[in-house]
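Q: I've got a new model open and I'd like to learn how to read it feature by feature. Could you walk me through it?

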Amino acid sequence: MHTAQKITKVFITRRIPQEGLKILSQAGVCKVSLWDSDEPVPRAELLKGVAGAHGLLCLLSDKIDTEVLDAAGPNLKVISTLSVGFDHMAMDEIKKRGVRVGYTPDVLTDATAELTVALLLATARRLPEGVVEVINGGWSTWKPLWLCGYGLSGSTVGVIGLGRIGMAIARRLKPFGVKKLLYSGRTAKSNAAEVEGEYVPLDTLVSESDFVVVSCALTPDTQGLCNKDFFCKMKNTAVFINTSRGAVVNQEDLYQALSSGQIACAGLDVTTPEPLPTDHPLLTLKNCVVLPHIGSATYSTRGIMAELSANNLLAGLQGTDMPSELKF
Ligand SMILES: O=C(O)[C@H](O)CO
């Protein structure tokens, strides 16, 4: 008599790079169903797809809350997110249910730091405005006072959150001739000496920096951190950059700060919501550069993220050590 073999089920919430899918199919230990689209899985399909799954591979844009966990049911052993951020998941509920979580730190640090530097320079030196002027005929001649911006040489840069990505940003900015590098966060960092980083209270960072770069995780402590009070303390000539999570910023307050000249300009790779509606007031401002959350978007980084999230998932299914397990 045959005993029916228990099938290990995995649900993947989006089309992901082939590198990850290959690892899962070659492992031959699970039956994968995939929401085979570049667009987000509709909620009803997510709830259906996850039902009875042992493993879930999700993205930062999927809200993994009690409803999803209930829909998955008691089989669920592992959630692997294709992201370093995990603010989209109800961690308390996940912990209560004993579900392990994998994520993708380190592998996207360089790409995200690179993008942050690119966004900072594009914003401070007004690159998008310049490109538009060339296209629309606004470039009449070389003009001494036209399209001037702000340079890094001799400046003070303040990094909020000198973690893996914050450090990588600081390392890249220093060679531009940054005079002083301030940072703030929960604790002083022992490796800050490498970038001559000075640990200061947030207020000091905000009021003394020419460039304020937000690189902290979204937590209850950092939600809405960059608000009216914060922007009022910044210099009128200061540049504000956020590549962490949109909800760290109060966008109405940022709009006021930018439109009133309280601060010089802002570059955002993250917003609330994502995507930012095309009629959002921030998009009417010339001194605000908004990117569509592309910090980690290099071909190679996304491939490596997919590999890591597949390996995390397999380890979770098999009860072995994950390459990158989130300890919470
Ligand atoms: O959390 C992450 O992984 C980033 O925001 C995406 O690049």
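What follows is a short question-and-answer tour of this structure.

Q: Before we start, what kind of model is this?
A: This is a predicted model, and local features are only taken up where pLDDT is at least 70.

Q: Which residues does UniProt list for the domain annotations?
A: There are two, both from an unreviewed entry. UniProt's "domain: D-isomer specific 2-hydroxyacid dehydrogenase catalytic" covers residues 10-325. Over that stretch the chain is 34% helix and 15% strand, with the end C-alpha atoms 18 Å apart. UniProt also lists "domain: D-isomer specific 2-hydroxyacid dehydrogenase NAD-binding" for residues 117-295. There you get 28% helix and 16% strand, and the end C-alpha atoms sit 10 Å apart.

Q: Now helices. Why would buried residues in a helix end up on one side?
A: The general idea first: an α-helix has 3.6 residues a turn, so residues three or four places apart point the same way. Now take α1, residues 18-27, where Gly-20, Leu-21 and Leu-24 are buried. Looking down the axis, these fall within an arc of 95 degrees, so they line one face of the helix. Flip to the other side of α1 and you find Gln-18, Lys-22 and Gln-26 exposed.

Q: What covers the buried residues of α1?
A: The cover includes β1 (9-12), β2 (31-34) and α11 (299-318). Just after the helix comes Gly-28, with a positive phi of about 60 degrees.

Q: Let me try α2. Which of its residues are buried, and what do they pack against?
A: In α2 (residues 43-50), the buried ones are Leu-46, Leu-47, Gly-49 and Val-50. Their arc is 165 degrees around the axis, so they still line one face. Ala-44 and Lys-48 are exposed on the other side of α2. The buried set packs against β1, β3 (55-58) and α3 (66-72). After α2 comes Gly-52, whose phi is positive, near 75 degrees.

Q: And which residues are buried in α6?
A: Helix α6 spans residues 127-136, and its buried residues are Glu-129, Gly-130 and Glu-133. They cover an arc of only 100 degrees around the axis, which puts them on the same side of α6. Gly-137 follows α6 with a positive phi near 85 degrees.

Q: Pockets next. How do I read the lining of the second largest pocket?
A: Start with size, then look at who lines it. The volume of the second largest pocket is about 250 Å³. Its lining includes Arg-125, Arg-126, Trp-139, Trp-142, Trp-146 and Leu-147. By class, the lining has six nonpolar, three polar and three charged residues.

Q: Is Trp-146 buried or exposed?
A: Neither extreme: Trp-146 is partly exposed, at a relative accessible area of 26%. You'll find Trp-146 in the loop between α6 and β6. Setting aside neighbours within four places in sequence, Trp-146 contacts Glu-133, Gly-138, Trp-139 and Thr-141.

Q: What is the backbone doing at Leu-147?
A: Leu-147 has a positive phi of about 55 degrees although it is not a glycine. Leu-147 is in the loop between α6 and β6, and counts as partly exposed at 21% relative accessibility. Glu-196 is another non-glycine with a positive phi, about 50 degrees. Glu-196 lies in the loop between β7 (180-184) and β8 (197-199), and at 59% relative accessibility counts as exposed.

Q: Where are the cis peptide bonds?
A: Check omega. One cis bond joins Thr-272 and Pro-273, with omega about -5 degrees. Another joins Glu-274 and Pro-275, where omega is about 0 degrees. Pro-273 is in the loop between β11 (265-268) and β12 (288-290), and Pro-275 lies in the loop between β11 and β12 too.

Q: Last one: what surrounds a buried residue such as Thr-13?
A: Thr-13 is in the loop between β1 and α1 and is buried, with a relative accessible area of 0%. Beyond neighbours within four places in sequence, its contacts include Trp-35, Val-41, Leu-46 and Asp-62. For a strand case, look at Thr-156 in β6 (residues 156-160). Thr-156 is buried at 12%, and touches residues including Lys-180, Glu-208 and Phe-211.

Conventions:
Residues are numbered from 1 along each chain as its sequence is written. This is a predicted model: local features need pLDDT of at least 70, side-chain atom pairs count only at pLDDT 80 or more; totals for chains, interfaces and linings use all residues. Side-chain values use heavy atoms; hydrogens and water are left out. Helices (H or I, at least four residues) and strands (E, at least two) are DSSP runs, numbered from the N terminus. Buried means under 20% relative accessible area, exposed over 50%, partly exposed in between (1.4 Å probe, protein chains only). Contact means heavy atoms within 4.5 Å. UniProt positions are given in the numbering used here, feature names are shortened, and annotations may be inferred rather than shown by experiment. On a 1 Å grid over the protein atoms alone, a cavity is a set of points where a 1.4 Å probe fits but cannot get out, and a pocket is an open set with protein on both sides within 12 Å along at least five of seven lines; lining residues have an atom within 4 Å of a point. Grid points are joined across faces, edges and corners, and a volume is the space filled by probe spheres set on the points. Ala, Val, Leu, Ile, Met, Phe, Trp, Tyr, Cys and Pro count as nonpolar, Asp, Glu, Lys and Arg as charged, and the others, Gly among them, as polar. The arc is that of the directions from the helix axis to the C-beta atoms.
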